[in-house]
Amino acid sequence: MQEKTLEVLEYGKILEALSKEARSMLIKNKILNLTPMTDIDDIREELDHTSQMFGVIKRFGNIDLFGLYDFTDMISYVRKKGILEAYELLQVNDLLRASEYLKEYGKNISEPYIKDLFDRINTEDFLRKEIERSIISEDEIADNASGALRNIRRQKARKEQEIKAKLNSYVTNSKFDDILQDKVVSVRDGRYVVPVRTNKKSAIGGIIHDKSSSGNTIFVEPAAIVELNNQFRDLELKEEEEIRRILDRLSRLTEAFDVEILANQQIMGRIDFLAAKAKYAINKEHSLPKITDDKIMSLKQARHPLLKGKVVPIDVSIGGDYLTLIITGPNTGGKTVSLKTVGLISLMAQSGLYIPAEEGSIVNVFDDIYVDIGDTQSIEMSLSTFSASLTNVVDILSKASDKSLVLLDEVGSGTDPTEGAALAISILDNLSKRKVMTFATTHYSELKYYAVDTQGVMNASVEFDVNTLSPTYRLEIGTPGKSNAFEISKRLGLDQAILDNAQSLIGEDT
């Protein structure tokens, strides 16, 4: 699809809204990079899978998916005998817990594709229980992770008590009152120390480990506890070594389950993706479109999905007897919104999404969608609105095929009305003869006559309420629009004589 088309029709905003329904960053990012498909079989298959998930969530509720990360690099690392950190093993555990949850959720699913997804999820109770038994948090390994670790930590606790008891003999002894800065025990560089006044540093023999920022205090490890500190440090090293052994064991168990972890990641990602699409459709009250490549489009009560507040739906039909629809009517009447609604709904359907229209709406599959919508004036390129638009149209005419959709807003405008209308008719005639499905908006009356007189071309209009002087935003197929200039002028109080004169200038037939 044309990048410009996706930008003009604001397709990215649909993806942003859809991505908020996904639970994992992995799938959120995938959604944000989603592009419409062009193969009708792929689109039908994706819509069928989305429809199945729609039915599952409607019956069983939202899937509380969690624990989905990208395990690709992690598995590659453990296959090289790498040792995983605690936080990585907790991610593996999240995946295993989520796998258990999904297995339970999927027990009563009957939709064949979704049932198969849930059935293919692998569970591994032993690895999950071992991780849960061994790791408390990202920073803490459980005492019961191994018998050796439990014994080492008991020895550490006893040695720590012994050290503190020895140091307390300094802190609580009154003869050290003038020597110690504070009667506390602290730790510096992993060694237990006491704070000594700098001018009394020779009063307690031992090793100086640190000095306060003011310089008034030094932190001394008394000679009497150096050996105890050495023994404590040795136990710390043994503890670290045992923790690495535990992590290595869990990593090897993870390695043994490597294929299943990657398979689960893929399956759970697919579940998250389909669930996001289903939830988006349910929340927005969208419906499943019928897909065809027979050059027919029939949208019933279609709504622009990005408009806020009360949106007036439109019915759009094209195909069969006509492939070109010319929409006329007053400014701010909804002509451009109608074009964008058709284009954006087509992009959504070709992305495997439900659409904001009633059940039974038919969407044609296009190889590409070409748009010329909005003011494309370019000061930098010294192009007028007309020139910029025509440059775009020239590109569209050179690329569009009989399988494309073309959306032209105010075709031929921005120049002399007579010449602009003639150019617009010629452009539309070229597309019509090439069987390109085309929606065009215009103010030119000549295009209304062209639609009436030309086979394969149909008029449409956006309705305007003359009584309230406001558009209704409804689209009427088969009826050319009116500018309503005389009616509006009359209601706004323009002198009747002036109106009569204006009427005489264009004639009764017009």
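Rings of Phe, Tyr and Trp (its six-membered ring) pair if their centres lie within 6.5 Å; planes under 30 degrees apart count as stacked, over 60 as edge-to-face and the rest as tilted. The model is predicted, so local features need pLDDT of at least 70 and side-chain atom pairs count only at pLDDT 80 or more, while totals for chains, interfaces and linings use all residues. Residues are numbered from 1 along each chain as its sequence is written, and side-chain values use heavy atoms, with hydrogens and water left out.

**Stop 1: aromatic rings**

Select Phe-60, Phe-66, Tyr-101, Tyr-105 and Phe-118, which ring pairs link into a cluster. By the ring rule, the count comes to seven aromatic pairs. Within the cluster, look at Tyr-101 and Tyr-105: their ring centres are 6.2 Å apart and their planes stand at 50 degrees, so the pair is tilted. Both belong to helix α6 (residues 86-105), where, being four residues apart, they are separated by about one helical turn. Helices (H or I, at least four residues) and strands (E, at least two) are DSSP runs, numbered from the N terminus. An α-helix has 3.6 residues a turn, so residues three or four places apart point the same way.

Colour by accessibility next: buried means under 20% relative accessible area, exposed over 50%, partly exposed in between (1.4 Å probe, protein chains only). Tyr-101 is partly exposed at 24%, and Tyr-105 is buried at 13%.

Move to Tyr-192 and Phe-232, an edge-to-face pair with 5.9 Å centre to centre and 75 degrees between the planes. Tyr-192 lies in strand β4 and Phe-232 in helix α10, so this pair ties together parts that are 40 residues apart in sequence. Tyr-192 and Phe-232 are buried.

**Stop 2: charges over rings**

A charge sits over a ring if NZ of Lys or CZ of Arg is within 6 Å of the ring centre and within 35 degrees of the ring normal. Select Lys-30 with Phe-273: the lysine lies over the face of the ring, at 4.5 Å from its centre. Then select Arg-188 with Phe-219, where the arginine lies over the ring face at 4.0 Å from the centre.

**Stop 3: helix α9**

Show residues 147-171, the 25 residues of helix α9. The expected span of a helix is 1.5 Å times one less than its number of residues. For α9 this gives 36 Å, and its end C-alpha atoms are 36 Å apart, which agrees. Its buried residues are Leu-149, Ile-152, Arg-153, Lys-156, Lys-159, Ile-163, Leu-167, Tyr-170 and Val-171. Contact means heavy atoms within 4.5 Å. What covers these buried residues includes β2 (140-141), β4 (191-197), β6 (217-222) and α10 (226-256).

**Stop 4: salt bridges**

A salt bridge is a side-chain nitrogen of Lys or Arg within 4 Å of a carboxyl oxygen of Asp or Glu. There are 33 salt bridges by this rule.

Stay on α9 and select Arg-153 with Glu-239: they form a salt bridge, the closest N and O atoms being 2.7 Å apart. This pair links distant parts of the chain, with Arg-153 in helix α9 and Glu-239 in helix α10, 86 residues apart. Glu-239 is buried, with a relative accessible area of 12%.

Go next to Arg-79 and Asp-258, whose closest N and O atoms are 2.7 Å apart in another salt bridge. Arg-79 is in helix α5 (residues 72-79) and Asp-258 in helix α11, 179 residues apart. Arg-79 is partly exposed at 41%, whereas Asp-258 counts as buried at 13%.

Finish this stop with Lys-81, Asp-248, Arg-252 and Glu-255, linked in a network of salt bridges.

**Stop 5: nonpolar cores**

A nonpolar core is a set of buried Ala, Val, Leu, Ile, Met, Phe, Trp, Tyr and Cys residues joined through side-chain atoms within 4.5 Å. The largest has 96 residues, and those with the most contacts inside it are Met-53, Leu-407 and Phe-439. Helix α11 (residues 258-284) gives the most to this core, with 11 residues.

Centre on Phe-439: not counting residues up to four places away in sequence, Phe-439 touches Val-316, Ile-318, Leu-325, Leu-339, Val-342, Leu-405, Val-406, Leu-407 and Leu-408. Apart from the largest core lies another, of 20 residues, among them Ile-326, Ala-400, Val-406 and Tyr-444.

**Stop 6: Thr-5**

Last, select Thr-5 in helix α1 (residues 3-8). Thr-5 counts as buried at 1% relative accessibility. Leaving aside neighbours within four places in sequence, Thr-5 is in contact with Ile-369, Tyr-370 and Val-371.
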